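Q: I'd like to learn how to read helices and cysteines in a model like this one. Can we go through it feature by feature?

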Amino acid sequence: MNTSPHNVIILGSGCAGNTAAIYTARAGLKPLVVIGHEPGGQLSVTTEVENFPGFPEGIQGPDLVENMKKQAERFGAEYMWGTVAEADLSKRPFRINVDGAWIETRSLIIASGASARWLGLPNEQKLIGHGVSSCATCDGAFHRDGKIMVVGGGDSAMEEANFLTRFGAEITVVHRREEFRASKIMLDRARANPKIKWLPNTVVEDIHDVSKNTVTSVKLHDLKTGKIWEQDVSGFFVAIGHIPNTKPFVGQIDLDADGYIISHGGARTNIPGVFHAGDVQDRVYRQAITASGAGCMAAIEAERFLEAEGH
Ligand code: NAP
């Protein structure tokens, strides 16, 4: 592998990272993409994507990211397996530690995403993409007239539940406490929606049915009464927050209280030459298309930065 500094290293291989790779590769910068711990990002765990422009019949999430990768490779982007354990952004070239090996780069695009927080139930991971989801915008339309469950008590859960009423016959919000963390306005809106039912003080103990490769029911536990029962559902949405993948940058990049990168305008971070793209900075839109747009922005900024530096 090249031992002189790379022009640009891109961390993450979701929509943001792949789009940044297409643009920087096409600009002749030979980007190196570090694939990260979720190859292909969140689309790789989605089934059909119906809202990415350009695919009137829809496209499978894994195919969409794979196409993006191929498109970047066609222009010379290089992909390496690995995750970033550590980074030294105190001077240039920046140094990135990928699985124990230090690599240097003149610019860096952080597109490492935010991982959905999961409940950790025995069958949860096996049914992701088969009725279990962390994104109502992505997967809600698959549950027309179905019974849908949403887990969580924050704004995301309220937003997801409200959105899902467009599709489902009945939406049940399951929350582990009596009090909701969600803002009053979001909670009131959800409470006013007659399609939404509420199960506070309740936790989900498992999801069925792995043998049918689809969600059919969940096992619930009322923490106040001790009652345990099964409830039929076809869609199960986990909305208990996201964790931005910014650990290696703590103390170097400006992060907000939840660990999301704070933008310093456009795709810029507080460090010149280090750019952000996608969900690692965006807690609002979190869509494949907005992540791709952000990847494009970061690539253009990296190109301009390198040009101004004489590279
Ligand atoms: P959040 O506010 O951290 O809420 C997470 C919810 O999930 C909490 O109710 C929490 O329960 C529950 N939870 C966490 N771990 C759990 C577990 N293991 N089992 C069961 N329940 C669990 O996260 P969020 O709703 O994603 O919101 C994140 C931020 O984005 C917030 O600042 C929010 O205001 C903002 N946001 C804003 C909007 C909007 O304004 N349109 C939309 C979405 C998000 P406890 O309450 O018991 O801890």
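Q: What covers the buried residues of H6?
A: Keep in mind that this is a predicted model. To see what encloses a helix, list its buried residues and then look for the elements in contact with them. For H6 the cover includes E1, H1, H2, E8 and strand E19 (274-276).

Q: Which residues of H6 are buried?
A: They are Ala288, Ala291, Ser292, Ala294, Gly295, Cys296, Ala298, Ala299, Glu301, Ala302, Phe305 and Leu306.

Q: How many residues does H6 have, and what does it reach from its first C-alpha to its last?
A: You compare the end-to-end distance with the rise expected for each residue. H6 has 21 residues and reaches 30 Å, close to the 30 Å you'd expect at 1.5 Å a residue. Just after H6 comes Gly310, with a positive phi of about 85°.

Q: What span should helix H1 have, and how far apart are its end C-alpha atoms?
A: Do the check again. H1 covers residues 15-26, and at 1.5 Å a residue its 12 residues should span 16 Å; the end C-alpha atoms are 16 Å apart, so the two agree. H1 is followed by Gly28, whose phi is also positive, near 80°.

Q: Why is H1 described as largely enclosed by the rest of the structure?
A: Count the buried residues: 10 of the 12 in H1 are buried, so the rest of the structure largely encloses this helix. Among them are Cys15, Asn18, Ile22 and Ala25. The buried residues of H1 pack against strands E1 (6-11), E2 (32-34), E5 (78-80) and E8 (101-110), plus helices H2 (61-74) and H6 (288-308).

Q: At what angle do H1 and H6 pack, and how far apart are their axes?
A: Two packed helices are described by the angle between their axes and the distance between the axes. Here H1 and H6 pack at about 40°, with 7 Å between the axes. That angle lies outside the under-35-degree range for roughly parallel and below the 65 to 115 range for roughly perpendicular, and the pair is therefore oblique. H1 passes H6 in a right-handed crossing.

Q: Which residues of H1 and H6 meet?
A: On the H1 side they are Cys15, Ala16, Thr19, Ala20, Tyr23 and Thr24; on the H6 side, Ala288, Ala291, Ser292, Gly295, Cys296, Ala299 and Glu303.

Q: There are cysteines on both sides of that list. How many disulfides does a search of the whole structure find?
A: A disulfide is a covalent bond between the sulfur atoms of two cysteines. The search finds one, formed by Cys135 and Cys138 with their sulfur atoms 2.0 Å apart. The torsion about the S-S bond is about 80°, so this disulfide is right-handed. Cys135 is buried at 14% relative accessible area, while Cys138 is partly exposed at 25%.

Q: Why is there no bond for the sulfur of Cys15 or of Cys296?
A: Look at the closest cysteine sulfur in each case. For Cys15 that sulfur belongs to Cys138, 9.9 Å away, which is too far for a bond. For Cys296 the closest one is in Cys15, 13 Å away, again too far. Cys15 is buried at 7% relative accessibility, and Cys296 is buried at 16%.

Q: Where does Ser134 lie, and is it buried or exposed?
A: Ser134 lies in the loop between strand E10 (132-133) and helix H3 (136-139). At 15% relative accessibility, Ser134 counts as buried. Leaving out residues up to four places away in sequence, Ser134 touches Gln42, Ala116, Trp118, Glu160 and Val238.

Methods
Residues are numbered from 1 along each chain as its sequence is written. This is a predicted model: local features need pLDDT of at least 70, side-chain atom pairs count only at pLDDT 80 or more; totals for chains, interfaces and linings use all residues. Side-chain values use heavy atoms; hydrogens and water are left out. Helices (H or I, at least four residues) and strands (E, at least two) are DSSP runs, numbered from the N terminus. The expected span of a helix is 1.5 Å times one less than its number of residues. Buried means under 20% relative accessible area, exposed over 50%, partly exposed in between (1.4 Å probe, protein chains only). Contact means heavy atoms within 4.5 Å. A disulfide is a pair of cysteine sulfur atoms within 2.5 Å. Axes are lines fitted to C-alpha atoms, for helices over the stretch in contact, and angles run from 0 to 180 degrees between N-to-C directions. Angles under 35 degrees count as roughly parallel, over 145 as roughly antiparallel, 65 to 115 as roughly perpendicular and the rest as oblique. A crossing is left-handed if the near helix is turned anticlockwise from the far one by less than a right angle, and right-handed if clockwise.
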